[in-house]
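Subject: Structure handover and notes

Hello,

Please find the structure below, with my notes after it. They go through one loop, the charged pairs, the aromatic rings and the core, in that order.

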Amino acid sequence: MSSFSSDFAASGGAQMLAYQGDSVTYYANGTGSGTSITAIVNDLDDGGMELQQTHGVDVVRMKGLQVAASQSVTRADQWLISGDKWETVACTDAHDGLKVVTVRRIDQSKQRRARPMGV
């Protein structure tokens, strides 16, 4: 006997990816030439969070990727999204044909110190 959840998992997730998805590159274990897959990409932190460090300022950005439930994901995997590499932070169990992969990118910038007056 089928249910809405099993019926949706069989076709709905794939249809959502086809309709709303973007092409991203998946790097198993962070290596190799990568594989193009379709994912629904969502910004999780409105552009990032700044963290003051001894070397300057780090900007930590997070995204959620909805990928096919059949997509293999480990914490060592990396993703190329709009030209930037992202690392895997977490992955949910599959639901309705999709799973959510949380990815993170840390951009480091050196903070410029103001010159002392009169120098």
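A polar contact here is a pair of N or O atoms within 3.5 Å; within protein, one atom must be able to donate a hydrogen and the other to accept it, and residues adjacent in sequence count only if both atoms are side-chain atoms. By that measure, a polar atom of the D45 side chain lies 2.8 Å from the backbone nitrogen of M62. Another such contact of the D45 side chain is with the backbone nitrogen of G48, at 3.2 Å.

Before the rest, a note on the source. This is a predicted model, in which local features need pLDDT of at least 70 and side-chain atom pairs count only at pLDDT 80 or more, while totals for chains, interfaces and linings use all residues. Residues are numbered from 1 along each chain as its sequence is written, and side-chain values use heavy atoms, with hydrogens and water left out.

The loop at D45

D45 sits in the loop between strand 2 (35-43) and strand 3 (49-53). Strands (E, at least two residues) and helices (H or I, at least four) are DSSP runs, numbered from the N terminus. Contact means heavy atoms within 4.5 Å; apart from neighbours within four places in sequence, D45 is in contact with V60, R61 and M62. The C-alpha atoms of D45 and K63 are 7.5 Å apart, with their positions 18 residues apart along the chain. For accessibility, buried means under 20% relative accessible area, exposed over 50%, and partly exposed in between (1.4 Å probe, protein chains only). D45 has a relative accessible area of 21%, so this residue is partly exposed.

Charged pairs

A salt bridge is a side-chain nitrogen of Lys or Arg within 4 Å of a carboxyl oxygen of Asp or Glu. The count by this rule is 5. One of them joins the side chains of D84 and R105, at 3.8 Å from N to O. That pair links distant parts of the chain, with D84 in strand 6 (residues 84-91) and R105 in strand 7 (residues 98-110), 21 residues apart. R104 and E87 form another salt bridge, with their closest N and O atoms 2.8 Å apart. This pair also links distant parts of the chain: R104 belongs to strand 7 and E87 to strand 6, and they are 17 residues apart. R105 has a further salt bridge to D107, where the closest N and O atoms are 2.9 Å apart. Salt bridges link R61, D84, R105 and D107 in a network.

The accessibilities of these residues are as follows. D84 is partly exposed at 25%, and R105 is partly exposed at 21%. R104 is partly exposed at 29%, E87 is partly exposed at 32%, and D107 is partly exposed at 22%.

Aromatic rings

Rings of Phe, Tyr and Trp (its six-membered ring) pair if their centres lie within 6.5 Å; planes under 30 degrees apart count as stacked, over 60 as edge-to-face and the rest as tilted. There is 1 aromatic pair by this rule. The rings of Y26 and W79 have centres 4.9 Å apart and planes at 55 degrees, so the pair is tilted. Y26 is in strand 1 (residues 22-27) and W79 in strand 5 (residues 78-81), so the pair ties together parts 53 residues apart in sequence. Y26 is buried, with a relative accessible area of 10%, and W79 is buried with 0%.

The nonpolar core

A nonpolar core is a set of buried Ala, Val, Leu, Ile, Met, Phe, Trp, Tyr and Cys residues joined through side-chain atoms within 4.5 Å. The largest one has 12 residues, among them Y26, W79, L65, A39 and V101. Strand 1, strand 2, strand 4 (56-68), strand 5 and strand 7 each give two or more residues to this core. Outside its neighbours within four places in sequence, L65 is in contact with A39, I40, V41, W79, I81, K99, V100, V101 and V103.

Two loop residues

Most residues other than glycine have a negative phi. N29, which is not a glycine, has a positive phi of about 60 degrees. N29 lies in the loop between strand 1 and strand 2 and is exposed at 53% relative accessibility. S82 likewise has a positive phi, near 50 degrees. S82 lies in the loop between strand 5 and strand 6 and is exposed at 75% relative accessibility.

Regards
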